[in-house]
Amino acid sequence: MKNDKIKNQYRVNEQIRVREVRIVGDNGSTVVPTRQALDMAREQGVDLVEISPNANPPVCRLIDYSKFLYQQKKRQKEMKAKQVKVEVKEIRFGPQTDEHDYQFKLKHAKEFLEEGNKVRAYVFFRGRSILFKEQGEVLLLRFANDLEECGKVESMPSLEGKKMFLYLAPKKAGVAKKSQQKRDNERREAEAKEAERIIEEAETPANGGLLANAKISADALKKLTEENEE
């Protein structure tokens, strides 16, 4: 069903019945009569595919239609994979919620927002408790204030029937910028560590280091001198 939906989005070859089309490709674009464009497609062994019907004239490509559909499906799949699914989590309060319950729900709301979900907090007024709607509004405003580090208010508290809602969306985490001084210090530290590594390798006989080779050469020269003296 999905494949048919993609397939039916585009007109191909003789389905294109306008007088002229714009052919686009790696070498740019050109406007030609549709009949000529169809001849070009046959000569190249490909199809004439209309990719932008609302342009004037419509934009087409000379491409194998099966390959074109495959590319479109692949692109849609990649775009779908990149989309982050955002859920809306509900937090329910009473107009006279105690402090322990409030902190418990505040903790959960913070976790929801940090995970990238939205939060819909509401106060439910049962029976005569609707008389305490101002108290419910104060509670929701406090809730929003306590979550300002990880959530932003999408809509202020509003009463809908027996419920007063507050909507929060997650804040995007900012990336802290390093100062130039800190970057210079890190660079110098990295250079110093690299220098130490080179020196250690040079001083390690097992690695055939420079100092090791120098010591071997000195011993060989000393032995040769002693033999000549004898």
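**Close-up views of a predicted model**

**View 1. Glu50 and Arg11 make a salt bridge, their closest N and O atoms sitting 2.7 Å apart.** A salt bridge here is a side-chain nitrogen of Lys or Arg within 4 Å of a carboxyl oxygen of Asp or Glu. Glu50 belongs to strand S3, while Arg11 is in the loop between helix H1 (2-7) and S1, so this pair ties together parts that are 39 residues apart in sequence. Helices (H or I, at least four residues) and strands (E, at least two) are DSSP runs, numbered from the N terminus. Glu50 is buried, at a relative accessible area of 2%, and Arg11 is partly exposed, at 36%. Buried means under 20% relative accessible area, exposed means over 50%, and partly exposed is in between (1.4 Å probe, protein chains only).

A quick note on the model: this is a predicted model, with residues numbered from 1 along each chain as its sequence is written. Local features need pLDDT of at least 70, side-chain atom pairs count only at pLDDT 80 or more, totals for chains, interfaces and linings use all residues, and side-chain values use heavy atoms, with hydrogens and water left out.

**View 2. The whole chain has seven helices and eight strands.** Of its 230 residues, 26% count as buried. About 17,300 Å² of the chain is exposed, and carbon and sulfur atoms supply 50% of that. These areas come from the Shrake-Rupley method with a 1.4 Å probe, and for residues only the protein chains shown count as cover. Take the contacts (heavy atoms within 4.5 Å) between residues at least 6 apart in sequence: 55% of them join residues at least 24 apart.

**View 3. Here is the largest nonpolar core, with 20 residues.** Such a core is a set of buried Ala, Val, Leu, Ile, Met, Phe, Trp, Tyr and Cys residues joined through side-chain atoms within 4.5 Å. The residues with the most contacts inside this one are Ile91, Phe93, Val119, Leu140, Phe143, Leu147 and Leu168. At least two core residues come from each of strand S5 (88-93), helix H4 (99-114), strand S6 (118-124), helix H5 (133-146) and strand S8 (163-170). H4 gives the most, with five residues. Zoom in on Phe93 and, leaving out residues up to four places away in sequence, you find it touching Tyr102, Lys105, Ala121, Tyr122, Val123, Phe124, Leu139, Leu140 and Phe143. Apart from this core lies another one, of nine residues, including Ile16, Ile23, Leu38 and Leu48.

**View 4. Helix H2 (residues 34-44) has Thr34, Ala37, Leu38 and Ala41 buried.** They span an arc of only 100 degrees around the axis (taken from the directions from the helix axis to the C-beta atoms), which puts them on the same side of H2. An α-helix has 3.6 residues a turn, so residues three or four places apart point the same way. The buried residues of H2 pack against four strands: S1 (20-25), S2 (28-33), S3 (47-52) and S4 (59-63). On the face turned away from the buried side are the exposed residues Arg35 and Glu43. Just after H2 comes Gly45, with a positive phi of about 70 degrees.

**View 5. Thr34 of helix H2 gets its own close-up.** Its relative accessible area is 4%, so Thr34 is buried. Not counting residues up to four places away in sequence, Thr34 touches Ile16, Val18, Arg19, Glu20, Val21 and Leu48.

**View 6. Two more salt bridges are Arg42 with Asp39 and Lys118 with Glu154.** In the Arg42 and Asp39 pair, the closest N and O atoms are 3.0 Å apart. Those two residues are three apart in helix H2, so about one helical turn separates them. For Lys118 and Glu154, the closest N and O atoms are 3.2 Å apart. Lys118 is in strand S6 and Glu154 in strand S7 (residues 151-160), so this bridge ties together parts that are 36 residues apart in sequence. Salt bridges that share partners also join Glu14, Asp39 and Arg42 into one network. The whole structure holds nine salt bridges.

**View 7. Ile130, Leu131, Phe132 and Leu159 form a nonpolar patch on the surface.** Together they have about 340 Å² of accessible area. Patches are made of residues with over 30% relative accessible area and no salt bridge, with like charges joined within 9 Å and nonpolar side chains (Val, Leu, Ile, Met, Phe, Trp, Tyr) within 5 Å. Ile130 sits in the loop between S6 and H5 and is partly exposed, at a relative accessible area of 31%.
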